[in-house]
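Reader: I would like to learn how to read a structure like this one. Could we take the features one by one?

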Amino acid sequence: MNIDDLKSDWHRAGKESHSEQELAMMTRVRNHPSLRRLRIKFMIEIAALTALLFLFYDGLDGAEKPLIVNMMLISSIILYILNNAVGYYHLQNPSVSGNIREALVKEAQTLKKLAVLSLLSSIAYSATLLLFLTYQIVFNQRKYIILSALIIAFLLLFYYSWISWKRKIAHFRRLEADF
Amino acid sequence: MEKIFLETIGEHQRIIYKVSRMYRNTPEDQQDLFQEIVYQLWRAFPGFRHESKITTWIYRIALNTAMASYRKQKSPVSITEHPPDLAEPIQAVSEREEWLFRALRTLSESERALISLYLEDYSYTEIASLTGISENYVGVKLNRIREKLKTLSTSSNL
């Protein structure tokens, strides 16, 4: 087989199967295969965290805790929301400009920054939430066990999140090296 | 602007179809990637300055999007059917087309980008500029890809 024989097959391949109307629909986020789903998830998370921001002071006895603990919780919630927004923005605008190699390098660098921000915001949010909930609590053995279980669960979540980011970054590094 | 964009993409949608089919295994994933590419083209369209051919611009965005949209690999390419005899005339274009895309999906992602540009009749200089590697290296890589495809065409397991 000569590779050039494949050229005619390549040129013949495909069809103009989508109308202009269908193509127009594809330019909208609400019809996007993954962005629409992520936007809904993002909105639900923002609503839940905003509700927490408004309710924690009364509902979780914020008035009885020092100002610094309250401020730390508020800051970490805002950081978590910002991290979500940055992540969504990146998914909507991946690095597709420039040549392929440049785009891959840029994508890997951006993912690395996003991974650090995502982990930091998750750790800050979990740590301040635990601090807030356990502040001024008198611990007994049962409460120590619950706290330890929560800490282990959070650590496992961070670990799996880091592995998942690492896998994504490695994928782009591999592609880059492959060129 | 939307009207011009839709006319342009409508006219050249075969490129998006071919890139989607080359980079995804299942029809659902191919349709998702097609949509993702159209979305990214639409976002990038205001920045298109006609410094390159429109088809080159579409290829660049389409290939970048296909490679940038990371996803875990699902089932590997199914390798069960016998290859059609490529020396035969076209009576079964779809079968030959099917073979072509199956063969392309066995290549690495970077090799797919290079071979698609080559099959589209881009020169080594243009391929080098689109991919960011040297012309010499384009030649070396294309020779390797040729060998791989040759082996695939003679083997009976694709």
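Author: Start with A:Arg173, which counts as partly exposed because it has 16 C-beta neighbours inside 10 Å. A residue is buried if 20 or more other C-beta atoms lie within 10 Å of its own, exposed if 12 or fewer, and partly exposed in between, with C-beta atoms placed from the backbone. A:Arg173 belongs to helix H6 of chain A; helices are DSSP runs of H or I with at least four residues, numbered from the N terminus. Its C-alpha atom is separated by 25 Å from that of A:Ser121, and the two are 52 residues apart along the chain.

Reader: How are the labels and the model to be taken?

Author: Residues are numbered from 1 along each chain as its sequence is written, and chains are lettered from A and ligands numbered from 1 in the order in which they are written. This is a predicted model, where local features need pLDDT of at least 70 and side-chain atom pairs count only at pLDDT 80 or more, while totals for chains, interfaces and linings use all residues.

Reader: What pLDDT does chain B average?

Author: pLDDT is the predictor's confidence in each residue, from 0 to 100. Chain B averages 83, and 83% of the residues score at least 70. Over residues 75–93 of chain B the value is below 50, and this stretch has 20 contacts in the model beyond near neighbours in sequence. Two residues are in contact if their C-beta atoms, placed from the backbone, lie within 7 Å. For the complex, the predictor gives an ipTM of 0.80 and a pTM of 0.82.

Reader: What span does helix H5 of chain A reach?

Author: The expected span of a helix is 1.5 Å times one less than its number of residues. H5 (residues 100–134) of chain A has 35 residues and reaches 50 Å from first C-alpha to last, close to the expected 51 Å. Its buried residues include A:Ile100, A:Leu104, A:Ser121 and A:Tyr125. Among the elements that cover the buried residues of H5(A) are helix H4 (67–92) of chain A and helix H7 (124–131) of chain B.

Reader: Which residue takes a positive phi just after H5(A)?

Author: Most residues other than glycine have a negative phi. A:Gln136 is not a glycine, yet its phi is positive, about 65°. A:Gln136 sits in the loop between H5 and H6 of chain A, and it counts as exposed because it has 9 C-beta neighbours inside 10 Å. In chain B, Phi of B:Asp121 is near 75°. B:Asp121 is in the loop between H6 and H7 of chain B and is exposed, with 10 other C-beta atoms within 10 Å.

Reader: How many residues of chain A are in contact with chain B?

Author: 36 residues of chain A are in contact with 45 residues of chain B. On the side of chain A that touches chain B, 16 residues are nonpolar, eight polar and 12 charged. Here Ala, Val, Leu, Ile, Met, Phe, Trp, Tyr, Cys and Pro count as nonpolar, Asp, Glu, Lys and Arg as charged, and the others, Gly among them, as polar.

Reader: Where does the largest nonpolar core lie?

Author: A nonpolar core is a set of buried Ala, Val, Leu, Ile, Met, Phe, Trp, Tyr and Cys residues joined through C-beta atoms within 7 Å. The largest has 54 residues, and B:Val38 is one of those with the most contacts inside it. This core lies between domain 1 (1–91) and domain 2 (92–158) of chain B, because both give residues to it; the bounds come from an automatic or database domain assignment.

Note on methods:
Helix = DSSP H or I, 4+ residues; strand = E, 2+ residues; numbered from the N terminus.
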